[in-house]
Amino acid sequence: MFHIYCPHCCEHREEEEFHVKGQAHIARPVDPEALSDEEWGNYLYFRKNPRGLHHELWVHNAGCRKFFNVTRDTVTYEIKEVYKVGEQPSVVSPADKV
Amino acid sequence: MQHYSGFGLIKHSLSHHENWQRAWRNPTPKKQYDVIVIGGGGHGLATAYYLAKEFGVTNVAVVEKGYLGGGNTGRNTTIVRSNYLWDEAAHLYEHAMGLWEGLSQDLNYNVMFSQRGVLNLGHTLQDMRDIHRRVNANRLNGIDSEALDAKQVQEIVPHMDCSANTRYPVLGASWQPRAGVARHDAVAWGYARGADAHGVDIFQQTEVTDLIIEDGTCVGVRTNRYGDIRAERVGSVTAGNSSVIAAMGGFELPLESHPLQALVSEPVKPILDTVVMSNHVHGYISQSDKGDLVIGAGIDGYNGYGQRGSFPTIEHTLQAILELFPIFSRVRMNRQWGGIVDTCPDACPIISETPIKNLYFNCGWGTGGFKATPGSGHVFAASLAKGDMHPLAKPFSMFRFHTGALVDEHGAAGVAH
């Protein structure tokens with residue numbers, strides 16, 4: 001069970017108030033018309049799914065209803081960092097380029 | 001291999017059951033195998049078994065980082081059914097169902113497959129429309145399936161609250177009489193024993209730390225215990241850890257690994273002789289032969305490899321179960337655990353070639369892999385033996401996420417997803 005800090009409300013709240021929306025920092029295609037089927041497929045479906053540090057998008061849907069990013073260890077479940085959308089994480093794994 | 005029989009049981013009782021042969025060997029690896037299977041769960045062991053038995057490839061190694069069946073095989077709620085909507089999925093799961101029906105005899109190992117029927121409840125008019133559609137699709141594919149109304153459901157499960165007074169009244173259900181449950185540990189052990197008897201080498205507590213890739217071709221695996229083991233072909237059957245193996249090959253999969261929790265109650269007298277599932281109130285329940293109520297629900301929404309989930313998920317599950325079975329309100333829960341399931345965007349598996357030559361993946365079974373164990377192993381073995389995907393596996397290529405030919409089974413996949 002997570003106790004998550006919402007960077008918009010500036011408060012810790014229980015996991016029940018939040019919803020996770022998957023991998024963060026997925027850039028929308030700049031020129032969608034130019035994408036190949038493979039690039040579309042990769043954009044829509046293929047994910048990092050790391051065992052270790054993961055940057056993911058959460059929404060405070062029973063609170064302020066705003067989105068933000070969380071860096072979390074997917075094995076220990078420890079939340080390393082919470083940061084707003086548009087910001088870059090400061091905690092990154094060596095193999096990971098965001 | 002010692003043949004198990006009633007006579008053998010009597011014979012061994014004379015020596016106080018102290019002289020039973022080991023069910024499988026504990027070998028040391030050869031330098032070179034025809035096929036290496038990564039992952040010694042049900043699907044991996046079934047793959048090895050059918051490779052050796054049906055397809056004559058006996059020079060096979062199974063590499064397991066923990067112990068056999070210690071992952072999702074030993075963590076699921078053991079439900080077996082084949083009532084999937086689309087032809088591709090229905091054929092695959094029905095292929096598995098056919099193998100389940102003869103599995104104990106085939107393995108000479110009692111997997112306790114009990115065809116006690118599965119009910120998928122409908123609580124809304126749209127649920128019922130979907131159920132009718134799926135039942136019709138099942139019947140066209142030769143799968144036993146019936147649509148029942150609330151009265152018929154009540155007759156099958158007299159203890160369930162099918163009255164109109166509940167918040168989400170049971171309006172009906174789909175019913176697959178040939179569906180049921182099996183003993184999950186026995187499935188892993190039976191396949192391991194059978195594979196071993198046909199010459200397959202099984203290595204436990206041996207973790208694959210890397211794939212050996214030369215010129216875009218996979219030629220073996222690197223292990224923490226035996227160094228490099230080489231093979232003509234490598235098949236990864238690692239469920240929740242599939243993305244980790246894929247990363248060793250330098251590619252991504254369309255998978256997310258999530259915790260899926262289950263729990264069992266204290267053992268009680270026989271009260272529920274079928275399996276009840278409800279997508280709408282989000283829970284499923286059956287009773288094991290030992291008497292405990294086996295309960296499961298949906299995944300935890302976040303990615304996780306920790307084999308545990310959050311308490312609210314369990315709370316929601318039990319709310320759903322008590323909505324259906326108020327009679328269970330005083331039953332105490334005994335144990336609770338999580339397994340890591342690899343969910344696919346279309347709720348269908350990946351049985352596929354990969355960007356790396358001679359490397360194959362069987363994964364993405366998500367929350368419903370146990371039911372497919374024999375069929376999954378069989379078609380994957382056929383594919384590994386020939387280096388060409390089995391016709392039943394072809395629609396489940398990982399490249400369907402590039403072509404767009406998804407097989408959307410979110411309805412039939414059930415509670416989770």
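## Lining of the second largest pocket

In this predicted model, the residues that line the second largest pocket divide into 16 nonpolar, 16 polar and 6 charged. The space within the second largest pocket comes to about 960 Å³, and of the 38 residues that line the second largest pocket, those closest to its centre are His19(A), Ile299(B), Asp300(B), Gly301(B) and Tyr302(B).

Both chains contribute elements to this lining, since at least two residues each are supplied by strand S3 (19-23) of chain A and, from chain B, by strand S12 (256-267), strand S15 (292-299) and helix H9 (311-324). The largest share of the lining of the second largest pocket comes from S3(A), which gives 5 residues.

## Chain A: elements and their order

Turning to the chain that holds strand S3, the secondary structure of chain A comes to 1 helix and 6 strands, and these elements follow the pattern β-β-β-α-β-β-β when chain A is read along the sequence.

## Chain A: extent, burial and surface

Taken along the principal axes, the box filled by the C-alpha atoms of chain A is roughly 45 × 30 × 20 Å. Chain A has 98 residues, of which 36% are buried, and among its contacts between residues at least 6 apart in sequence, 47% join residues that are at least 24 apart.

The area that chain A exposes is about 5,800 Å², and carbon and sulfur atoms supply 49% of that area.

Conventions
Residues numbered from 1 in each chain as written. Chains lettered and ligands numbered in written order. Predicted model: local features only at pLDDT ≥ 70, side-chain atom pairs only at ≥ 80, totals over all residues. Heavy atoms only, no water. 1 Å grid on protein atoms, 1.4 Å probe; cavity = no way out; pocket = protein on both sides within 12 Å on 5 of 7 lines; lining within 4 Å. Points joined across faces, edges and corners; volume = space filled by probe spheres on them. Helix = DSSP H or I, 4+ residues; strand = E, 2+ residues; numbered from the N terminus. Nonpolar A, V, L, I, M, F, W, Y, C, P; charged D, E, K, R; others polar. Buried < 20%, exposed > 50% of the residue type's maximum accessible area, 1.4 Å probe, protein only. Contact = heavy atoms within 4.5 Å. Areas by Shrake-Rupley, 256 points an atom, 1.4 Å probe, with all protein chains shown as cover.
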